[in-house]
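Student: I have a protein model open and I would like to learn how to read it. Could you walk me through it step by step?

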Amino acid sequence: MADEGLQLSRELMEDMLETVNKHDPEGAKDMMVNIQYLVAVAGYLCADYPGPAAERDELLQHLSAFMKHVCDDRADKMQQQQASQPQAAPDLPKGKSVATDDPAVGIWKPE
């Protein structure tokens with residue numbers, strides 16, 4: 001890893017997903033396909049780890065925990081953004097309910 005840490009950006013994500021989708025267009029329809037490819041690539045690369053199998057397994061556990069940390073951090077930030085954005089009033093149809101002889105039934109008249 002670089003001294004300044006990993007630099008995730010929208011451009012990096014888009015480039016990676018574009019590459020996966022060129023290889024397998026199903027990814028454009030199903031995000032889970034993209035995720036599976038990215039995880040499979042990480043597993044494939046980890047197989048080349050030069051140490052013993054026990055160290056490789058430790059590396060995989062570390063990477064799994066790191067992935068969870070990144071996921072939780074992003075989910076928290078997205079939730080905070082949604083909470084800070086004002087909720088738009090729903091676009092309700094304009095009109096009124098006109099009473100009928102049956103108090104449980106009304107007739108909707110658009111305005």
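Tutor: Gladly! Let's start with a single residue: at 33% relative accessibility, Leu 38 counts as partly exposed. Keep in mind that this is a predicted model.

Student: How should I read that label for Leu 38: buried, exposed or partly exposed?

Tutor: Compare the percentage with two cut-offs: under 20% is buried, over 50% is exposed, and partly exposed is what lies in between. Leu 38 has 33%, so partly exposed is the right label. You will find Leu 38 in helix α2.

Student: What does Leu 38 do on the surface, and which residues join it in a patch?

Tutor: Leu 38 belongs to a nonpolar surface patch of about 570 Å², together with Leu 6, Leu 8, Leu 12, Met 13, Met 16 and Phe 66. Helix α1 gives the most to this patch, with 3 residues.

Student: Now let me step back. How many helices and strands are in the chain?

Tutor: The chain has 3 helices and 2 strands. Follow the sequence from its start and you meet them in the pattern α-α-α-β-β.

Student: And how much of the chain is buried?

Tutor: Of the 111 residues, 5% are buried. The chain exposes about 10,000 Å², and 58% of that comes from carbon and sulfur atoms. Another way to read a fold is to ask how far apart in sequence the touching residues are. Among contacts with a separation of 6 or more, residues 24 or more positions apart account for 7%.

Student: Let's return to α2. Which residues of α2 are buried?

Tutor: They are Val 33, Asn 34 and Cys 46. These buried residues pack against α1 and α3, the latter covering residues 53-84.

Student: Why does Asn 34 count as buried?

Tutor: Its relative accessible area is 2%, and the cut-off for buried is under 20%. Asn 34 sits in helix α2, which covers residues 31-46. Leaving aside residues up to four places away in sequence, Asn 34 touches Leu 17, Val 20, Asn 21 and Gly 27.

Student: Can we contrast Asn 34 with a residue on the outside?

Tutor: Try Thr 19, which is found in helix α1, residues 10-23. Thr 19 is exposed, with a relative accessible area of 53%. Between Thr 19 and Asn 34 there are two kinds of distance to read: they are 15 residues apart in sequence, and 9.8 Å apart in space from C-alpha to C-alpha.

Student: How do I check the length of a helix such as α2?

Tutor: Use 1.5 Å a residue as your ruler: the 16 residues of α2 should span 22 Å. The end C-alpha atoms of α2 are 23 Å apart, which agrees. While you are at the start of α2, look for Asp 30: one of its side-chain oxygens reaches to within 3.0 Å of the backbone nitrogen of Met 32.

Student: What about charged side chains? How many salt bridges does the structure hold?

Tutor: It holds 4 salt bridges. To read one, find the closest N and O atoms of the two side chains. Lys 22 and Glu 18 form one of them, with those atoms 3.6 Å apart.

Student: Where do Lys 22 and Glu 18 sit relative to each other in the helix?

Tutor: They are 4 residues apart in helix α1, so about one helical turn separates them. Lys 22 is exposed, at 65% relative accessible area, while Glu 18 is partly exposed at 43%.

Student: Which residues of α3 are also about one turn apart?

Tutor: Lys 68 and Asp 72 are, with their positions 4 residues apart in helix α3. Their side chains meet in a salt bridge, 2.8 Å from N to O. Lys 68 counts as exposed at 51%, and Asp 72 as partly exposed at 34%.

Student: Which residue forms a salt bridge with Glu 26?

Tutor: That partner is Lys 29, and the closest N and O atoms of the pair are 3.5 Å apart. Try the labels yourself: which would you give a relative accessible area of 37% for Glu 26, and which for 66% in Lys 29?

Student: Glu 26 is partly exposed, and Lys 29 is exposed.

Tutor: Well done!

Methods:
Residues are numbered from 1 along each chain as its sequence is written. This is a predicted model: local features need pLDDT of at least 70, side-chain atom pairs count only at pLDDT 80 or more; totals for chains, interfaces and linings use all residues. Side-chain values use heavy atoms; hydrogens and water are left out. Buried means under 20% relative accessible area, exposed over 50%, partly exposed in between (1.4 Å probe, protein chains only). Contact means heavy atoms within 4.5 Å. Accessible areas come from the Shrake-Rupley method with a 1.4 Å probe; for residues, only the protein chains shown count as cover. The expected span of a helix is 1.5 Å times one less than its number of residues. A polar contact is a pair of N or O atoms within 3.5 Å; within protein, one must be able to donate a hydrogen and the other to accept it, and residues adjacent in sequence count only if both atoms are side-chain atoms. Patches are made of residues with over 30% relative accessible area and no salt bridge: like charges are joined within 9 Å, nonpolar side chains (Val, Leu, Ile, Met, Phe, Trp, Tyr) within 5 Å.
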